[in-house]
Amino acid sequence: MTDAVRLDDHDYKVMQGSVGPEVIDIRKYYADSGRFTYDPGFTSTASCRSTITYIDGDEGVLLHRGYSIGELAESSSFMEVAYLLLNGELPSKEAFDTFTTTITRHTMVHEQLATFFRGFRRDAHPMAIMCGVVGALSAFYHDSTDVHDPAQRVIASHRLIAKMPTLAAMAYKYSVGQPFLYPDNSLSYTGNFLRMTFGVPAEPYEVNPIVERAMDRIFILHADHEQNASTSTVRLAGSSGANPFACIAAGIACLWGPAHGGANEAALNMLREIGTPDRIPEYIARAKDKNDPFRLMGFGHRVYKNYDPRATVMQQTVREVLGALGVTDPVFDVALQLEEIALKDDYFAEKKLFPNVDFYSGVILSAIGFPTSMFTALFALARTVGWVAQWNEMITDPDQKIGRPRQLYAGATARPYLPVGQR
Ligand code: CMC
């Protein structure tokens, strides 16, 4: 391990985390040298210090507070993972009961939010609705928007985690023209969400325990993923002191993109478009063609250069859910064969492109009954836990400053303004 590196005749401290690569502290670099560093996409830049999630992309490792995602998905619950991400440790039985009761008590949303929903077109994308209504929470919950008050931060965090399922279910209900259902707090976090989504007021709804467990596991797999684009967006928005509801709305907007959370929707659409295994080679060829913008959706990752550990759990869960529901979906066979063919192809091997979490998630969500347009909203629901944990960590970080990247300016230099008649 090195203590310092010398750049432009100045020494820069080398920082070492508990695990992972060394990090050069270049905060004084511009002051010392008059130079900036250039790193579009932040491929070599650590934007913060964090103790929440660790990824080793070469080994395909994902740990939350030190616990592996495989073990959490197998043995834990989404509520327990939420507690872990927020608080750093697994809860005692008593702490867990208090936490789940608190979250449960916040599941209802202000009654006037229903009116807010009615302003959207019925065919609005659920993510468009989610950006709007989550941002609007700051207009309804003024008593938890002071970011400098620790008690308000806790309440805002609990509100966001508790209300996301209610809002996501309302977005779905609105799109199909059915009445909104109030939460039923006798159910689990995930069971409650399923009932608000698929239940109707005219009939009792019975939560299928296999679907409930699968959904809960999907939520665990999406709960956090260190400094990805939407989490960095939440941190950047929060770095100015913006209120948490506004910050999470910014995260939702970023997540929507097809290179990020929108990939689950895009991946299932792609698999359906391929339709039958005999058409796979055509799509593989397109993905490899430099002149074709097409990419295999659900493949590749900025950090994982090995199998995404979340995809392993997801593939297993698809089998369980399809088996339990007695659903046969030809798209699953297309996915399995596409994976097999791509993994044997030199192009994908050389670029280390493997299936990511989104490759199989659409198959399960569709078997459960969600329309593709809801997939990214479900990702947002689960990721809210990570966003909130990371936002809280940022607010209390003594090194935290407003995020303000610099640039390599390549535009016109100073020139005189010419009146329109002289141009
Ligand atoms: N299909 C075909 N080629 C690909 C793919 C793909 N899915 N992904 C990357 N490549 C190629 C890319 O063309 C480039 O080739 P070259 O070096 O010849 O120019 C090389 O691999 C590196 O790609 P990159 O775009 O520089 O890599 P990145 O780290 O900037 O992008 C990514 C990562 C996830 C945006 C990208 O792999 C991608 O667009 N994948 C499809 C979308 C997707 O599944 N996104 C979900 C990510 S996981 C869920 C989440 O965390 O949001």
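## Around Q390 and the ligand

Let's start with Q390: leaving aside its neighbours within four places in sequence, this residue is in contact with S50, I52, D224, E226, Q227, T231 and R235. Keep in mind that what you're looking at is a predicted model. To find Q390 on screen, go to helix α18, which covers residues 375-395. Q390 counts as buried because its relative accessibility is 0%, and the cut-off for that label is anything under 20%. One of the contact partners deserves a second look: the side chains of Q390 and D224 are joined by a polar contact of 3.0 Å.

Now move over to the ligand. There are 21 residues around it, and the ones that come nearest are H260, K290, L296, R302 and K351. If you sort the residues of this shell by character, you get 10 nonpolar, 6 polar and 5 charged.

Next, some individual atom pairs. At G298, a backbone N or O atom lies 2.8 Å from an oxygen atom of the ligand. F299 also brings in its backbone: one of its polar backbone atoms is 2.9 Å from a nitrogen atom of the ligand. With N356 it's the side chain that takes part, placing an N or O atom 2.9 Å from a ligand oxygen. As for how much of the ligand is covered, on its own it has 940 Å² of accessible area, and the protein covers 75% of that.

Technical notes. Residues are numbered from 1 along each chain as its sequence is written. This is a predicted model: local features need pLDDT of at least 70, side-chain atom pairs count only at pLDDT 80 or more; totals for chains, interfaces and linings use all residues. Side-chain values use heavy atoms; hydrogens and water are left out. A residue is near a molecule or strand if one of its heavy atoms lies within 4 Å of it. A polar contact is a pair of N or O atoms within 3.5 Å; within protein, one must be able to donate a hydrogen and the other to accept it, and residues adjacent in sequence count only if both atoms are side-chain atoms. Accessible areas come from the Shrake-Rupley method with a 1.4 Å probe; for residues, only the protein chains shown count as cover. Ala, Val, Leu, Ile, Met, Phe, Trp, Tyr, Cys and Pro count as nonpolar, Asp, Glu, Lys and Arg as charged, and the others, Gly among them, as polar. Helices (H or I, at least four residues) and strands (E, at least two) are DSSP runs, numbered from the N terminus. Buried means under 20% relative accessible area, exposed over 50%, partly exposed in between (1.4 Å probe, protein chains only). Contact means heavy atoms within 4.5 Å.
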